[in-house]
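Take a look at the fold below. This report starts with the strands and ends with the domains.

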Amino acid sequence: MSPAQAAALERQLDQLVGQRASALATTTHRVPVYFHVIRTGKGKTGDVSRTRIDDQISVMNSAYGKSETGFSFYLKGRDWTTNTAWLKAPDTYEKQIKSKLRKGDAGTLNVYTASLQDGLLGWATFPWQYKGDPAMDGVMVHYGSLPGGSITHYNVGQSATHETGHWLGLYHTFEGGCTSPGDYVSDTPYESEPAYKCPTSRDTCTAAGKDTVHNYMDYSYDTCMTQFSKGQASRMQKEWAAYR
Ligand SMILES: [Zn+2]
């Protein structure tokens, strides 16, 4: 997306939310979640137990709850699909997977787990994309990123928290680097590039404020991620009002 397209989206967001913006701060949303597990077979590669799905929802509720975002999540349904091709190349088969499995409307979160390639932990669609392509809406995460998963440092479940942040309209904290408007959130200081591990005193831009390496929308280790900012909470509320 070009800076001009991003700016046009922001204007559209403000128009859609309009006068309601001031009333949003106290709004709470309980978001229904459908969980779709893709695996090679029961107990085999890609399988995710009921317990780990429950744990994943708890991790998200803790993350969104303690930052007082106004969002909480509850499990509405879950299913397991045995399909080795889908498991191994969810990007190639994404359309097929989602057409077959997706449930609900714009305000329903669909989470898919598979074996993502190239070290990817997840990806997500943004709220403003729903209208043009509702079938593709949702969050994809690596099955090894769920709580108790196999991916060292990224197995506490914050990949789903992060991808759901995108699904609710947030950009990365390092979006646009040190250049305005960055991530379109005023209380997340500019950051020149993603943070890995947990570099707590990092400050990569001359503008005020250290890098928000503890933010869920950075790339730090799961255990390093502890917060959404107030500005991000209000952005998610606006995006929800406008598109979900
Ligand atoms: Zn991301």
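## Strands that pair

Two strands count as paired if DSSP finds at least two bridges between them. The model shown here is predicted.

Start with strand 1, residues 29–39, and strand 2, residues 71–82. These two run parallel and share eleven bridges. One of the links can be picked out by residue: His 36 has Asp 79 of strand 2 as its bridge partner.

Strand 1 also pairs with strand 3, residues 109–114. The sense is again parallel, as strand 1 and strand 2 are, and five bridges join strand 1 to strand 3. Here Val 37 is bridged to Thr 113 in strand 3.

## The sheet as a whole

How are the strands ordered in the sheet? The order is 2-1-3-5-4, with five strands in an open sheet. The pairing is mixed. Strand 2 and strand 4 (122–124) stand at the edges. Each has a single partner strand, so one side of each has no neighbour in the sheet. From one strand to the next, the twist averages 20°.

The antiparallel sense appears between strand 4 and strand 5, residues 139–142. Three bridges hold this pairing in the count. Gly 122 has its bridge partner in strand 5, and that partner is Val 141.

## A helix on the sheet

Now add helix 2. This helix packs on the sheet and touches both strand 1 and strand 2. Its direction makes about 155° with the direction of strand 2.

Helix 2 covers residues 50–66. Together with strand 1 and strand 2, helix 2 makes a β-α-β unit. Which hand does this unit have, right or left? The unit is right-handed.

## Two domains

The protein is divided into two parts. Domain 1 takes in residues 25–170 and also 229–244. Domain 2 spans 172–227. Their C-alpha centres lie 22 Å apart.

How many residues of each domain are in contact with the other? For domain 1 the number is 17, and for domain 2 it is 13. On the domain 1 side, helix 5 (158–167) and helix 6 (230–243) each supply at least two of the touching residues. Sorted by class, the side of domain 1 that touches domain 2 has four nonpolar residues, eleven polar residues and two charged residues.

Notes:
Residues numbered from 1 in each chain as written. Predicted model: local features only at pLDDT ≥ 70, side-chain atom pairs only at ≥ 80, totals over all residues. Helix = DSSP H or I, 4+ residues; strand = E, 2+ residues; numbered from the N terminus. Right-handed = clockwise from strand over helix to strand, strands pointing away. Axes fitted to C-alpha atoms, helices over the stretch in contact; angles between N-to-C directions. Contact = placed C-beta atoms within 7 Å. Domains from an automatic or database assignment. Nonpolar A, V, L, I, M, F, W, Y, C, P; charged D, E, K, R; others polar.
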